[in-house]
Amino acid sequence: MHLKRNDLILIAFLLIIAAGGFIFHAIQDAPENGRAEIWVDGELWGTYSLDENIVVDIDGTNRLTIQDKKAYMTWADCPDQLCVRQKPASKDGESIICLPNKIVISIVGGEEDELDGVTN
């Protein structure tokens, strides 16, 4: 079987299209660096990258720690301490909430959750 010149051009063209699609798909799937958005009384108070280890004092009422790409509340002056007992947040859409102090920590662009909302 001998390939003609036009057949080789068609094969090369299809390989270029496939490689371009692969590169485009790889770029689109690159994960966004996660960040913790701190909201106090409904207003954005601050944004911190999950890539850096940091301790954030929030208005003297709460302390948020970001370590190993996870955010968790390490101290709060509220009586119930529910926010301190919450599990660390690292996945896109997870949050930590302190109702008495009106503080919400929202994770944006963090790890993708492999399970759907029903199985969580």
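Trainee: In this predicted model, is Cys78 buried or exposed?
Mentor: Look at the relative accessible area of Cys78, which is 4%. Buried means under 20%. Cys78 is therefore buried.

Trainee: How many disulfides does the structure hold?
Mentor: Start with what the term means. A disulfide is a covalent bond between the sulfur atoms of two cysteines. Here the two sulfurs must lie within 2.5 Å. The structure holds zero.

Trainee: Why is Cys78 not bonded to Cys98?
Mentor: The closest cysteine sulfur to that of Cys78 belongs to Cys98. The cut-off for a disulfide is 2.5 Å. The two sulfurs are too far apart for a bond, because the distance is 3.7 Å.

Trainee: Which cysteine sulfur is nearest to that of Cys83?
Mentor: Cys83 is in no disulfide. Its nearest cysteine sulfur is 3.8 Å away. That sulfur is in Cys98.

Trainee: Is Cys83 buried or exposed?
Mentor: Use the limit again: buried means under 20%. Cys83 has 2% relative accessibility. So Cys83 counts as buried.

Trainee: Which residues does Cys83 touch, not counting those up to four places away in sequence?
Mentor: Contact means heavy atoms within 4.5 Å. Two other cysteines, Cys78 and Cys98, are among the residues touched. The full list is Asn62, Met73, Ala76, Cys78, Ile96, Ile97 and Cys98.

Trainee: Which residues touch the most other members of the largest nonpolar core?
Mentor: This core has 19 residues. Strands that each supply at least two of them include β1, β3 and β7. Cys83 is one of the residues with the most contacts to other members. The complete set is Ile38, Ile58, Leu64, Cys83, Ile103 and Ile105.

Trainee: Which are the edge strands of the open three-stranded sheet?
Mentor: The strand order is β3-β4-β5, with antiparallel pairing. An edge strand here pairs on one side only. The edges are β3 and β5.

Trainee: How many bridges join β4 to β5?
Mentor: These two strands run antiparallel. One bridge pairs Arg63 with Trp75 in β5. The number of bridges is six.

Trainee: Where is Lys69, which has a positive phi although it is not a glycine?
Mentor: Phi of Lys69 is about 65 degrees. Lys69 is partly exposed, with a relative accessible area of 45%. Its place is the loop between β4 and β5.

Trainee: What is the phi of Gln81?
Mentor: Gln81 sits in the loop between β5 and α2. At 25% relative accessibility, Gln81 is partly exposed. Gln81 is not a glycine, yet its phi is positive, near 60 degrees.

Note on methods: Residues numbered from 1 in each chain as written. Predicted model: local features only at pLDDT ≥ 70, side-chain atom pairs only at ≥ 80, totals over all residues. Heavy atoms only, no water. Core = buried A, V, L, I, M, F, W, Y, C linked by side-chain atoms within 4.5 Å. Buried < 20%, exposed > 50% of the residue type's maximum accessible area, 1.4 Å probe, protein only. Helix = DSSP H or I, 4+ residues; strand = E, 2+ residues; numbered from the N terminus. Pairing = 2+ DSSP bridges.
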